[in-house]
Amino acid sequence: MTSQRTRGRMIERLREQGIADEDVLAAIAAVPRHVFVEEALASRAYEDTALPLGFAQTISQPYVVARMIEVLRAGRAALGRTLEIGAGSGYQAAVLAQLTDEVYAIERIGPLLARARVNLRAIGEQKVRLKHADGQLGLPEAAPFDTIVVAAASARVPPLLTQQLALNGRLILPLGTVSQQLALIERRADAWVETRLDAVRFVPLRSGVE
Ligand code: SAH
């Protein structure tokens, strides 16, 4: 149920759904998603679906993880220094770490962050730097970022995050509350350019830590 064949089928489905960036597909194929879901759900880890993580949070659907990273990479040489807001299980951070050397991930729920740490260690991933904090504030000590991925939905773009984008940097986030849409924000020399993409459903971005 967590075999190479099952994982291969997931990659085939992502390809059928339009994910064309072979490096993104290879990154997803390289990360054993079953390690990141609760044991009772391991048999469903390679279904293309979001799954509960506890604490009312979910591990994102593989298609959405792939889609966000594909959009962030399109037409660029590399993701560069990358920040994820909403580390959750650590799964998306692990996928990002296949594609770039510098990954920071912030999580506001302490016990989830602890689990992300265990999960990343279990797969031998040492590059991801985790932090327990409110990600809406970004990570000023490591800014600027070439890439910022927000894995929780917000009614508006957190201004401190766009400020921490490097020139030509890109941020992707689910915008909206009840109905949400992925938004890509690119920092140009004289402005931030926003593009709206797919309809999605994420858990909400919240303030403070617990
Ligand atoms: N990327 C994760 C899934 C994210 S679910 C994975 O691959 O497993 C969204 C996560 O965002 C939840 O864990 C939630 O606690 C976290 N979150 C919500 N608001 C946040 C904030 N302001 N700062 C940091 N994390 C936040």
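Contact here means heavy atoms within 4.5 Å. The model is predicted. With that in hand, start at one acidic residue.

Asp 48 sits in the loop between helix H2 (22-30) and strand E1 (51-54). Set aside its neighbours within four places in sequence. Asp 48 is then in contact with Arg 13, Leu 14, Gln 17, Gln 61, Pro 62 and Tyr 63.

Is Asp 48 buried or exposed? Asp 48 is buried, yet it has no salt bridge. The nearest side chain of opposite charge belongs to Arg 13, 5.7 Å away. A salt bridge needs a side-chain nitrogen of Lys or Arg within 4 Å of a carboxyl oxygen of Asp or Glu. Arg 13 is on the contact list all the same.

Which side chains make polar contacts with the side chain of Asp 48? Gln 17 is one of them, at 3.1 Å. The side chain of Gln 61 is another, at 3.3 Å. Both glutamines also appear among the residues in contact with Asp 48.

Now turn to the ligand. There are 28 residues around it. Of these, Ser 89, Glu 107, Asp 134, Gly 135 and Arg 206 come nearest.

Backbone atoms also lie close to polar atoms of the ligand. A polar backbone atom of Gly 86 is 3.0 Å from a ligand nitrogen. For Arg 108, a polar backbone atom is 3.3 Å from a nitrogen atom of the ligand. At Gln 92, a backbone N or O atom lies 3.0 Å from a ligand oxygen. How much of the ligand's accessible area does the protein cover? The protein covers 99% of the 580 Å² that the ligand has on its own.

Methods:
Residues numbered from 1 in each chain as written. Predicted model: local features only at pLDDT ≥ 70, side-chain atom pairs only at ≥ 80, totals over all residues. Heavy atoms only, no water. Helix = DSSP H or I, 4+ residues; strand = E, 2+ residues; numbered from the N terminus. Buried < 20%, exposed > 50% of the residue type's maximum accessible area, 1.4 Å probe, protein only. Lys, Arg positive; Asp, Glu negative; His and termini not counted. Polar contact = N/O pair within 3.5 Å; in protein donor to acceptor, adjacent residues only side chain to side chain. Near = heavy atom within 4 Å. Areas by Shrake-Rupley, 256 points an atom, 1.4 Å probe, with all protein chains shown as cover.
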